[in-house]
Amino acid sequence: MNLALDAMGGDHAPAEIVAGAILAAPLIHHTITLVGDPKAISQHLPTPCPANIQIHPASQIIGMEDKPLDAIRKKKDSSLVVAANLVKDGVAAAMISAGNTGAATAASLLSWRQMSGVHRPAIASMMPNKYGGFVLLDAGASPDVDPEHLVEFAMMGKAYAGKVLGRPNPRVHLLNIGEEEGKGNAFAKQTYSLLARHDWFSGNIEGKDVFRQRCDVVVCDAFVGNIVLKTSEGVAEFIMATIREQVPTSPLAKLIYAPLRKLLAPLKKQMDYAEYGGSPLLGLNGVCIICHGRSNAKAIKNALLQAQTAVDNDLVGTIGESFVGAA
């Protein structure tokens, strides 16, 4: 199978994208198809090139500043649109992109359509916590939704946590301003009543508790989810930067602080977005992994591994089955 990697999307494309593909190549048993300008891509490929890396040409690039729908219509030979079409045509099993998130979402939605029973796609982002992390969705795809759509997010997140993350009997929480039933605005209350019909629902959870309590899936609308995601990233970077600033610059003092670096290594790893690679866009008839715009080679490598796991475990089919069972 092919994994279509948008080589021209992202702040550091194509250099870091190609470097990530090279790092992933020995760990991937599928073919990695770099989609984009062959000349620009080839400049960053080693000789000899890994046998499971190939190039598929695309002459245009969708920038971060482009309006998603306009860009998709006007740049039909962009690396992002071409990658989405490779999945649509069955040439590739998944698409990975660090490019314009709105355009990646729109291109996937228009090319593949929602699976039966799903009305809104959702971005499922892996977040760290004390118990090995949890899935937050929606983290950015669908900001304007109804309570019924959050039930769909919950079902998709549950399938993802079980099939890809290997969580047995994953539990779902609703992000809210209090843990008691009856908390929140009208939207949250109505969502709670719909989720409460399912035995896998574990009730409300507050923002402070998602990082210190055991949870597998936390659902919310994309407006709230994206704020949670970016605020968490900002706080993590602030903490690590503050710690670094407190370490003296003299060689002798650095030796004294050396044990601290070892103690902080696990924390740094947990807070590093590159460790998680990317976030799957769930609810469509195809696998799309959306990466951070500033993704480095390590992030791209992990995103490719994530895509491989989703394909090998038939994530799309599993989500589809969960909706058939609920019908």
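This tour moves through a predicted model one selection at a time.

**Aromatic pairs**

Begin with the aromatic side chains, where the count comes to two pairs. Select Phe 134 and Phe 211: the ring centres are 6.2 Å apart and the planes stand at 70 degrees, so this pair is edge-to-face. Phe 134 belongs to strand S7 (residues 134–137), whereas Phe 211 sits in the loop between strand S9 (201–205) and strand S10 (217–219), so the pair ties together parts that are 77 residues apart in sequence. With the accessible surface displayed, Phe 134 has a relative accessibility of 2% and counts as buried. Phe 211 is partly exposed, at a relative accessible area of 33%.

Next select Tyr 192 and Phe 201. Their rings also form an edge-to-face pair, with 5.2 Å from centre to centre and 80 degrees between the planes. Both Tyr 192 and Phe 201 are buried.

**Helix H7**

Tyr 192 leads to the helix that contains it, H7 (residues 186–195), in which Ala 188, Thr 191, Tyr 192, Leu 194 and Leu 195 are buried. Orient the view down the axis of H7: its buried residues fall within an arc of 165 degrees, so they line one face of the helix. What do the buried residues of H7 pack against? Display H6, S8, S9 and S10, which are the elements they pack against.

**Salt bridges**

The whole structure holds seven salt bridges. Select Arg 167 and Asp 216, which form one of them, with the closest N and O atoms 2.9 Å apart. Arg 167 lies in the loop between helix H6 (147–163) and strand S8 (172–175), and Asp 216 in the loop between S9 and S10, so this pair ties together parts that are 49 residues apart in sequence. Are these two residues buried or exposed? Arg 167 and Asp 216 are both buried.

Then select Asp 70 and Arg 73, whose side chains meet in a salt bridge with an N to O distance of 3.9 Å. The two residues are three apart in helix H3 (residues 68–74), which means that about one helical turn separates them. Asp 70 is partly exposed at 36% relative accessibility, while Arg 73 is exposed, with a relative accessible area of 54%.

For a further charged pair, select Glu 206 and Lys 208, which meet in a salt bridge at 3.1 Å, N to O. Glu 206 is partly exposed, with a relative accessible area of 21%, and Lys 208 is likewise partly exposed, at 45%. Extend the selection to Asp 209 and Arg 212: salt bridges that share partners join Glu 206, Lys 208, Asp 209 and Arg 212 into one network.

**A nonpolar surface patch**

Now select Phe 223, Val 224 and Ile 227, which make a nonpolar surface patch of about 280 Å². Ile 227 is part of helix H8 (residues 222–246) and is partly exposed, at 44% relative accessibility.

**Gln 308 and its contacts**

Select Gln 308 in helix H10 (residues 297–312). Its relative accessible area is 7%, and Gln 308 is therefore buried. Which residues does Gln 308 contact, leaving aside neighbours within four places in sequence? Add Leu 3, Leu 27, Ile 28, His 29 and His 30 to the selection to display these contacts.

**Backbone features**

The last stops concern the main chain. Select Ala 13 and Pro 14, where the peptide bond is cis, with omega near -5 degrees. Pro 14 is in the loop between strand S1 (2–6) and helix H1 (15–24). Then select Thr 47 and Pro 48, which are also joined by a cis peptide bond, with omega about 0 degrees. Pro 48 occupies the loop between helix H2 (38–42) and strand S3 (53–57).

Return to the loop between H6 and S8 and select Asn 169 there. Asn 169 is a residue other than glycine with a positive phi, near 45 degrees, and is exposed at 68% relative accessibility.

Finish at Asp 314, in the loop between H10 and helix H11 (315–326). The phi of Asp 314 is near 50 degrees, again a positive value in a residue other than glycine. Asp 314 is partly exposed, with a relative accessibility of 44%.

Technical notes: Residues numbered from 1 in each chain as written. Heavy atoms only, no water. Phe/Tyr/Trp six-rings, centres within 6.5 Å; stacked < 30°, edge-to-face > 60°. Helix = DSSP H or I, 4+ residues; strand = E, 2+ residues; numbered from the N terminus. Buried < 20%, exposed > 50% of the residue type's maximum accessible area, 1.4 Å probe, protein only. Salt bridge = Lys/Arg side-chain N within 4 Å of Asp/Glu carboxyl O. Contact = heavy atoms within 4.5 Å. Patch = residues over 30% accessible without salt bridge, like charges linked within 9 Å, V, L, I, M, F, W, Y side chains within 5 Å. Areas by Shrake-Rupley, 256 points an atom, 1.4 Å probe, with all protein chains shown as cover. Arc of directions from axis to C-beta.
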